[in-house]
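This report describes how the chains of one assembly meet and how selected sheets and helices within it are arranged. The sequence and the structure are shown first.

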Protein chains: 4
Amino acid sequence: MEKYSERLKKFNNVYLNGTRITDLPTEPAFSGSIKAIERYYDLQNENPDIHCFLDNQRHPSPISLMIPKTIEDLRKKRKSYKSIADISFGMLGRTPDFINAALASLCAHSEFLGKDRYTNYSNNAIQYYKYVKENNLFIGHGSINPQIDRSIPLGKQQNEFAGVHVIDHDTNGIRVSGAKMIVTLAPIADELLIFNMPGLKPGDEKYAVAFALPVNSSGVKIICRKTTVKPGLSNFDHPLSNSFDEMDAYLLLNQVYIPWERVFVFKNIERSNQFFDKSFIRHHTGHQDVVRAISKAELLTGIAIKLARMLKLDNFINIQEKLGDLTSSIELLKASILLSEETAQVSHQGIITPNINTIQAIRYHFPKMYAKMVQHIQSMTAGSMLATPHYQDFISENREYLMQSLSTGELDALERTQLLNLAWDVTGDSFGQRQLVYEYYHAGDPMRIAANHYLSYDKKEMLDMVNQVFNIKENIKI
Amino acid sequence: MEKYSERLKKFNNVYLNGTRITDLPTEPAFSGSIKAIERYYDLQNENPDIHCFLDNQRHPSPISLMIPKTIEDLRKKRKSYKSIADISFGMLGRTPDFINAALASLCAHSEFLGKDRYTNYSNNAIQYYKYVKENNLFIGHGSINPQIDRSIPLGKQQNEFAGVHVIDHDTNGIRVSGAKMIVTLAPIADELLIFNMPGLKPGDEKYAVAFALPVNSSGVKIICRKTTVKPGLSNFDHPLSNSFDEMDAYLLLNQVYIPWERVFVFKNIERSNQFFDKSFIRHHTGHQDVVRAISKAELLTGIAIKLARMLKLDNFINIQEKLGDLTSSIELLKASILLSEETAQVSHQGIITPNINTIQAIRYHFPKMYAKMVQHIQSMTAGSMLATPHYQDFISENREYLMQSLSTGELDALERTQLLNLAWDVTGDSFGQRQLVYEYYHAGDPMRIAANHYLSYDKKEMLDMVNQVFNIKENIKI
Amino acid sequence: MEKYSERLKKFNNVYLNGTRITDLPTEPAFSGSIKAIERYYDLQNENPDIHCFLDNQRHPSPISLMIPKTIEDLRKKRKSYKSIADISFGMLGRTPDFINAALASLCAHSEFLGKDRYTNYSNNAIQYYKYVKENNLFIGHGSINPQIDRSIPLGKQQNEFAGVHVIDHDTNGIRVSGAKMIVTLAPIADELLIFNMPGLKPGDEKYAVAFALPVNSSGVKIICRKTTVKPGLSNFDHPLSNSFDEMDAYLLLNQVYIPWERVFVFKNIERSNQFFDKSFIRHHTGHQDVVRAISKAELLTGIAIKLARMLKLDNFINIQEKLGDLTSSIELLKASILLSEETAQVSHQGIITPNINTIQAIRYHFPKMYAKMVQHIQSMTAGSMLATPHYQDFISENREYLMQSLSTGELDALERTQLLNLAWDVTGDSFGQRQLVYEYYHAGDPMRIAANHYLSYDKKEMLDMVNQVFNIKENIKI
Amino acid sequence: MEKYSERLKKFNNVYLNGTRITDLPTEPAFSGSIKAIERYYDLQNENPDIHCFLDNQRHPSPISLMIPKTIEDLRKKRKSYKSIADISFGMLGRTPDFINAALASLCAHSEFLGKDRYTNYSNNAIQYYKYVKENNLFIGHGSINPQIDRSIPLGKQQNEFAGVHVIDHDTNGIRVSGAKMIVTLAPIADELLIFNMPGLKPGDEKYAVAFALPVNSSGVKIICRKTTVKPGLSNFDHPLSNSFDEMDAYLLLNQVYIPWERVFVFKNIERSNQFFDKSFIRHHTGHQDVVRAISKAELLTGIAIKLARMLKLDNFINIQEKLGDLTSSIELLKASILLSEETAQVSHQGIITPNINTIQAIRYHFPKMYAKMVQHIQSMTAGSMLATPHYQDFISENREYLMQSLSTGELDALERTQLLNLAWDVTGDSFGQRQLVYEYYHAGDPMRIAANHYLSYDKKEMLDMVNQVFNIKENIKI
């Protein structure tokens, strides 16, 4: 197998700013993320103890692909997830370990996919897992259908791009068309796993599919959103947004042919609706996801603390409270990850799965914690983030003026400016706001997350308590 | 040793509503809490596996007094704390296990108390622990000084009741006067542990004491706040407030004599300031305290769910979100208790101590969670809690009218009214609001809890991350 | 006409705690409110310039009954409303001026009520207005139907008390049975105006009525909720709750006969649904209501300020911010009342009506402001409100101890305790919480208030602005 | 006088991205704002009734420069302010009318500036007002000193740029050096008014100056922050940020000579500290400022409504509530502006001044309202704002795919994308976040605004109310 960046060079169906990109690794909008993924691969060589496991053939593979059997296995995976997240300070959410965790779980629980006269879906899932493992690929995924008029059922939509649907099939495979939106990191992944979130209804049969395909397949187009990378500005001005723009894209499929061995669900509404949950993909990707969130929380809390110190605010009790709000939130986060592992459950296949109730609890509370981090950073700096000049001003004729006028007691003008730039990057720049929106919505609408938490949580003990109150011996007879 | 309620009958220095109470167990303001404490003792007989441990002499004692050596020991103590909390649904915070946890820790870490020409304070702590254990006593505590003009140092206060201070001493003991405020459950405890929270300054020497004394000592007066128990109303009207009023009281000491063997700190500011922290009392009582909080959270969440169902609101997604906010908060709470145990540290004495950073994280966030529980219950019922008649209306000539007019589809008028009464009791009654205020302030001002969390938390990794961002290879040279 | 309290003495159908009350003015649960209403009548004699107007016959009547023709008239009414609200510091919401404002408006807009073969409803409204004016009565109102299973339409309810409905009628009048809930101050009003809020549906005809009746009518029962007045406690302990409990009650009607001249709507769903809005009752009672809210806001802000000063907190900037949050909220409130008057509209009858959009804006925001007032008071006092002894302790043998131990620098123990008691009364006592719940829900669910504000607000200009943005001359052609 | 844009062409001391700009009107970072200011001048010709007043010489001048004598005058000024704000939808805060309002007030109240042996400061203010009026100039202002180590008094700072300070003076004028930060719109104003906010201390004499100078003066440098204008992107992508970036800049003064007739305060700490308040500049600029805020609130509310409709969310009650929260907030805003005018006070000079307490109340609450607007927009769109492609994608080979896949029921792909782009521009783009930060901090730290509101508000009535509660006739004697 070629090196990751070599593989990317062959891509010719990625569009950015209305232009087809022919050399992804040199395009500024992608080069930062590509470097981060390269670093992901490097880590496997540098720290195989953390990042790899040996399969039956004693072949080392990324540990995110390990099918976990014990709590200890989950802890090992967590350690690797965290180290991978640290590459981008948690700003890249869909690194390869995300779908790797999904594929391991899908493989282990593939039985429910079953088989029919066309193919053996269950076996396809197992073989695809092996293929990804052997080639150490980067798999992205597309699951969100474009926003269309929700009052019309999917199956009755006239819009050709309401979702991904089957056109026809033959003995070798199926032909699909349609679209998925917000396919994150799609332009720089090797392949994509395409499936639906639960919610399909009778009549939506042709949309009820799940499959995998190479990004570079014929008939595929990847149309990117606008990048947050700023031409003409430096890492000094935008320490993160110029390095870690996690691209989101429209995925357009136009008569794309998928061989049967890459098809996991075919015109089967029940299977499609079970795909995310019964495979325990939700649980294992959720585990990776909340571990990643810690990196982000740590960075933002670190920035808040550094700012408080630089601005000499950290002696004020109300600022200390804000910072303590953040450090204590991190503690709740870490605690919840621990609980999700300690109360993990072993399925009849012998596979262990982290506690989804705990993971979803984090997912409901974390966006609010993260929003507070953003808000506290903004409120501490007040307007001063708005006042920083361009890096070229520091190498212009005005350098000396700026070096003097922008320095404070302890920090020189460059250090001070760079820290303010970083604070703005994660809170005020499109990059930072995209990160905030991502935290709020990437795992679903928080309102629904909470609603489902209530619905699926074990409430027996709590309700019993209410009855116990009523059973307190009455001093009266009514 | 006599039975607990027998012991209480001898008390003659408790004042309520301006009157000296001569038979505590029959006074309605206390009888509910006394019953709960009796239940605490019963549990030791009913479930010794959970509630007792065997000491060196194979004598069973309450497990809250066990000096823990392993994480497993902490888990055992947690189980007992939770079961005790369930007696009162967490509404009684200062049950005997609270100070028991403190005494075990003080005994284990007593070395720092030292000795001087008067007595061996360290040994006194050990002996007191044994005494409490052998007699299975209920020890309360008083640590908060009355609110006085804070601009004058304690040592210079003219007010005789600014705190508890030494009048004189002789070879047998010391003589103290003064006051402590909000001494919770003081009227129904056997003895009290008196000490100061940290913060004494040079000049405050005579206030720098810690000791234990029987509640019924000569010179002691216990003046209670107004009770939430309502004469003429029933458990039907007030399911909790008539049963679990956790009395707070002023403790007045007037020339009270304390023998040296009950003195732990004497005119020693450093020792007084270390008393809470260096003894790890803070950590072990904190552990009991946050475990207790779960009972309360479960009850209120149970009430919220029952209300939502009764009012047929639980099909609305926005109500489901509110309920999920509560269930997911409970999950964070449970997670944090687990983390506080899993990251407990073993001291050089071989004693294990739960992670105070995690405990304090809960203590900062729990009051906000609890306030949301109160708020969600109030908002779901809207005004209907205000409309419930007195229990005697249900046994009056109007009974039939009420039974018909107050019933809803599924619930009859009595069930419905009782649930609304309970909802009001924990949110709108003085009882419920006292519980809310207790959760906010019993462990200190949340602002300071957060501030101290920030100050004491290990921030190195977070700050390193910020530096790593700055080390991202620059594409420019400034 | 007899004096108000004389009239009340004849009531014999009010039930409290399961007992029929035979002398309302001496019953502690009512005596405070009755005194406040007596004060309302006294003000008309003491300050007729503010509280009265002269009708065509030059007869002075309460100005709340004046049919306003100019903005100046609204300002005059506002002045009287405020002065009446100040009697109870805004704690009594349904003082006579509330329904007076409604009756004046109903009279002025009575045309829509029409007439039919039974009676002339329009004329009935006019005559009733005159009757109330001539006798200077106190009219309460009942509009909320008991909470029942909402999945069954009103007209199909088996429950006899689902609402007030017509049993039969003859040439002299109608016979009604049923119930209304949370009929505030019903036990101490002369008469009640009974009507429905909008929302009746075809099939609910027999519920579609509006009429007036004396509280003391045959077949009427008033069943009170539990009182907040505390037997054995004083105004020192409970400065407000023992004086201004605004009683809410169930109103039960059992075959009550209403003469046609008191009937305003009869089995007419359209008219019943219009009753509140098309009469502009909503607007004029809303005006009184938001003016009253200012008294309450001022008292709570005053308490917060006094506490901050007593506790020497008002030098801290974060406490100052909280207090400024309150003072600036009062300013928004006053501003909105002014705007509701300045943008009042004159109907074709020449009657002026305050701007309901502004009034509803206040009603959405005021509960949140009020909740903040409650919260700020609670957070400033921390736990100290929980520590105050009973007034009898201050006249007991312990008086001297308490006088010394509870005094602070400037305030003596009694002043300090009384202020803390007041703070608790408006925030922690059932009374204070009932006031909070009242502010949230007495004008309808805030969620619906906001929703209706959006639906009824003039949005044209705002939407035009968005289009203007899109019309900014493009530098590109798409 | 030349036309505004002609005047700007002469500027040669504005730096952007390290480069000196030689033709401001053609530089994209400025061209949008310059067009808006041109529009400001155009309005005076198009609508003189609204935008102009006639002075003693019957010469028409911008009404923002009128010295108001009556409430009606304030209303007229408000009308013009609003119309000017509408040019940029409130996104430009420092349009010429802002400082015009200040200069009119300074002129009217100039007496306090006094005179000394060097010059007549009072007369200088009057003459400068006339000069600006006659030439219809655009005056910006600089008042914020660079953030430096605040533990060192200004007068002892080694940093040459700690503020603007006097170097020396002679019979013709004074020589100053130093810096001001966040000088908004400085690059495109004709002149700047330089002064200090209150807070100078003895020892800071050389910093205690106020004066005016042409932007293009010798020794002046304007160093801009990074622009939000995106090269290569269109108004379609960024409807506001590409048109209304309100530039903030560092102002560096290096030995700049100011003639005495432009000096208003010279080495006079008392005068410098009074400059903002005693001139009533605070009040009149505040009036303009809060009127402008309405435009912004209207646009954002309009966007929120349009989005809700496009996404078919506006039938959900919880979304309706959010929208009603916004419409009702606008109502409070409008009300407060009315109150600030209706309670305006006339000074002994016959000048009327809007009520600063009301204006500051808005300024405390508006940032929170605005933040909610931003938040509601973001939460309604969830992630969909992240998915919009570049405008060039719509004119690329993929146009047809996008037109189909991005259209919804009613809106075509272009309309939908443009609305989402606008939503992102005002909430997620650096532009939108800069606007949010501006609203929070441009009038000072909200914490201090609230604190000062408390300190300066008339609290007598509120405190009297508390005393009245205590005077309620006691039923007991303590």
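A crossing of two helices is called left-handed if the near helix is turned anticlockwise from the far one by less than a right angle, and right-handed if it is turned clockwise. The model treated here is predicted.

**A helix pair between chains C and D**

Two packed helices are described by the angle between their axes and the distance between the axes. Helix H9 of chain C spans residues 317–342 and helix H10 of chain D spans residues 356–381; their axes come within 9 Å and cross at roughly 110°. Because angles of 65 to 115 degrees count as roughly perpendicular, H9(C) is therefore roughly perpendicular to H10(D). The crossing of H9(C) and H10(D) is left-handed.

On the side of H9(C), the contact is made by C:Gly324, C:Ser328, C:Glu331, C:Leu332 and C:Ala335. H10(D) contributes D:Asn357, D:Thr358, D:Gln360, D:Ala361, D:Tyr364 and D:His365. By class, the residues of this contact comprise four nonpolar, six polar and one charged.

**Chains A and B**

Chain A is superposed on chain B by a rotation of 180° with 0.0 Å of shift along its axis, at an RMSD of 0.0 Å. The two copies are thus related as by a two-fold rotation axis. In chain A, the C-alpha nearest this axis belongs to A:Ala335, at 2.5 Å from it.

The contact between these chains takes 63 residues from chain A and 63 residues from chain B. On the side of chain A, the elements that give two or more residues are helices H8 (281–310), H9 (317–342), H10 (356–381), H12 (413–427), H14 (446–456) and H15 (460–470). H9(A) gives the most, with 16 residues. Of the interface residues of chain A, 100% are also interface residues in chain B, so the copies meet through the same surface.

**Chains C and B**

A turn of 180° and a shift of 0.0 Å along the axis lay chain C on chain B with an RMSD of 0.0 Å. Here the contact takes 54 residues from chain C and 53 residues from chain B. At least two residues each are supplied to the side of chain C by strands E7 (173–184), E10 (220–224) and E11 (248–259) and by helices H11 (399–405) and H13 (430–441). The largest share, five residues, comes from H13(C). In this pair, 98% of the interface residues of chain C are also interface residues in chain B, so the copies again meet through the same surface.

The class make-up of one side of each contact is set out below.

| Side of the contact | Nonpolar | Polar | Charged |
|---|---|---|---|
| Chain A, touching chain B | 35 residues | 18 residues | 10 residues |
| Chain C, touching chain B | 21 residues | 20 residues | 13 residues |

**The six-stranded sheet of chain C**

Strands of a sheet pair through backbone hydrogen bonds, either parallel or antiparallel. In chain C, six strands form an open sheet in the order E2-E1-E10-E11-E7-E6, with mixed pairing. Strands E2 (19–21) and E6 (164–169) of chain C are the edge strands, each pairing on one side only. From one strand to the next, the twist averages 20°. Within this sheet, E10(C) and E11(C) are antiparallel and share five bridges; C:Lys221 stands opposite C:Leu252 in E11(C).

**Strand pairing in chain D**

In chain D, strand E7 (residues 173–180) and strand E11 (residues 249–259) pair in the antiparallel sense over seven bridges. The bridge partner of D:Val176 in E11(D) is D:Val256. Strand E10 (residues 220–224) of chain D also runs antiparallel to E11(D), joined to it by five bridges, and D:Val220 has D:Leu253 as its bridge partner in E11(D).

An open sheet of four strands in chain D has the order E5-E8-E9-E12 and mixed pairing. Strands E5 (139–142) and E12 (263–266) of chain D stand at its edges with a single partner strand each, so one side of each is left without a neighbour in the sheet. The twist averages 25° from one strand to the next. E5(D) pairs with strand E8 (residues 191–194) of chain D in the parallel sense over four bridges, and D:Gly140 stands opposite D:Leu192 in E8(D).

Two helices of chain D pack on this sheet. Helix H5 (residues 96–108) touches E5 and E8 of chain D, and its direction makes about 80° with that of E5(D). Helix H6 (residues 121–135) touches E5, strand E9 (209–214) and E12 of chain D, and its direction makes about 150° with that of E12(D).

Notes. Residues numbered from 1 in each chain as written. Chains lettered and ligands numbered in written order. Predicted model: local features only at pLDDT ≥ 70, side-chain atom pairs only at ≥ 80, totals over all residues. Axes fitted to C-alpha atoms, helices over the stretch in contact; angles between N-to-C directions. Parallel < 35°, antiparallel > 145°, perpendicular 65-115°, else oblique. Contact = placed C-beta atoms within 7 Å. Nonpolar A, V, L, I, M, F, W, Y, C, P; charged D, E, K, R; others polar. Least-squares fit on C-alpha atoms with pLDDT ≥ 70 in both. Pairing = 2+ DSSP bridges.
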